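User: I'd like to go through this structure and ask how each label is earned. Can you set the values against the definitions for me?

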Amino acid sequence: MSNFLSSSIGKKFLMSITGLFLVTFLFIHLSLNALLLVDDGGELFNAAAHFMATNPLIKIMEPVLAIGFIVHIFYASLLTLQNQKARGKDRYASGNSTPDVTWASKNMYILGATILAFLIVHIAQFWVKFKITKELEPTHIDIAGVHTEVENAYALVNATFGYLWVVIVYVIGSIGLAWHLSHGVWSGLQTLGWSNTVWRKRWEVVGTVVAWIMGLGFSAIAVIQHFFFQ
Amino acid sequence: MEKTINLKLKVWRQDGPKAKGHFETYEVKNISTDSSFLEMMDVLNEQLIQEGKEPVAFDHDCREGICGMCSMYINGHAHGPDEDVTTCQLHMRKFKDGETVTVEPWRSAGFPIIKDLMVNRNAFDQIIAAGGYVSVGTGGVPDANAIPISKEDADEAMDAASCIGCGACVATCKNGSAMLFVSAKVSQLALLPQGKVERARRAKRMVAKMDELGFGSCTNTGACEVECPKGVSITNIARMNREYLMAKFKD
């Protein structure tokens, strides 16, 4: 197994499965965040946040998610260093004029670093306040007719998106993410070997659609929260 | 009527593997647009010999695009600006009169420079030696259609087998990865009955050798298939990944 993980394809395999796992997480994250656009003073969002905070499956998945991020970032750094070494020190004086190569595919590490920078801000703004410093006020909502006391996550989200700079940071983060995924999704599936002349075109379309959904979805939530829900 | 052009050439000169290289600028005149890039280089070398200078060392052999020896990086492209041709098949009509043409060797840690535009591509031979062959007895020539092979498999195997091992993929790849080459060799054999017997062993050994020689890994930019003079597709890389992962998971 150590032999497998030290091989080039083994390391790429890890990048691929962690990357695709993180995409499934993003889908869950986006669908829950979409509840922020329901104009009910945040009741539905708070109910969903309460469900996520108390669900045992989510408690198990949280460290798995963290491991997913760490493995993805660690192996990305390792592979990037090894690839630079394989490329060698000498550069072409006439540059590289190869057409039809997307910018994203050549700059996945830089785009990834943008996402990481965003992630740090994001974690400091929400996760830390939810879980560590516990800055949430209690509020009462009805869940399936039962009057329940829950933490008012909506109030924190709403207040945070009240700042314009936060919205700008989130839009930049979303664009970085979308760009990363525009290459990442199909590339991950190609690395798993799940590609041929037909499937390659299909995956590229799927990857583009996923990128647009994520980019537009996350930016729209931040923008709409700022301009229409304050 | 024959048209001729004059060119300014910026050529990489390097005395040996350890020597420090530099660009030298030369002028060539009255180059027929019907001639090939290598013929133009021959004209340059004749000129240099006349002037009592050292001619430019470059690899070449068949000069018809099948041996994979010629290996020049011209104006930002492996094998020059034309598509699906090797340097020897590149016509001078692709260049404008008075243009400055930059000619460099393949640059990749896996391909150290021997002299001027010549690089050592022995790493490819080592990868082939690690498993790019059939070593089981396959008997005599079978009767036609005794072993049916689908048209798709035959076509894809043939397309993969068109790889001439020139190294343009490595020269182009931002990661210095040899995966297009290795995957073409893995694919051409894995798709056909004679090669299927040893497919798992072959994939493992060739990938291990490729890693050992320090080639990079694939980030699926697709630059290699664009510059490949034979148009070998990166779907072969997906097949190699599949072959390798299946072989490893079976262990």
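Analyst: Sure, starting with buried area: that's the accessible area (1.4 Å probe) that two parts lose on being put together, summed over both. By that rule, domain 1 and domain 2 of chain B bury about 1400 Å² between them, with 54% of it on carbon and sulfur atoms. Keep in mind that this is a predicted model: local features need pLDDT of at least 70, side-chain atom pairs count only at pLDDT 80 or more, and totals for chains, interfaces and linings use all residues. Residues are numbered from 1 along each chain as its sequence is written, chains are lettered from A in the order in which they are written, and side-chain values use heavy atoms, leaving out hydrogens and water.

User: What makes domain 1 and domain 2 of chain B separate domains?

Analyst: The bounds come from an automatic or database domain assignment. That assignment gives 4-115 as domain 1 and 121-250 as domain 2. Their centres, taken over C-alpha atoms, are 29 Å apart.

User: How do you know that residues of domain 1 of chain B are in contact with residues of domain 2?

Analyst: Contact means heavy atoms within 4.5 Å. On that test, 21 residues of domain 1 of chain B touch 18 residues of domain 2 of chain B.

User: Why is the pairing of B:Asp59 with B:Arg121 called a salt bridge?

Analyst: The rule wants a side-chain nitrogen of Lys or Arg within 4 Å of a carboxyl oxygen of Asp or Glu. Here an Asp meets an Arg, and the closest N and O atoms are 3.3 Å apart, so the pair qualifies. Between these two domains of chain B, the rule finds one salt bridge.

User: And what makes B:Glu225 and A:Arg200 a salt bridge?

Analyst: Same recipe: Glu brings the oxygen, Arg the nitrogen, and the N to O distance is 2.9 Å, so this pair passes too. Across the interface of chain B and chain A, one salt bridge is found.

User: How is the size of the interface between chain B and chain A given?

Analyst: As buried area: about 3400 Å², of which carbon and sulfur atoms give 54%. In chain B, the residues losing the most area to chain A are B:Arg107, B:Asn220 and B:Leu245, together 17% of what that side buries. The contact takes 48 residues from chain B and 39 from chain A.
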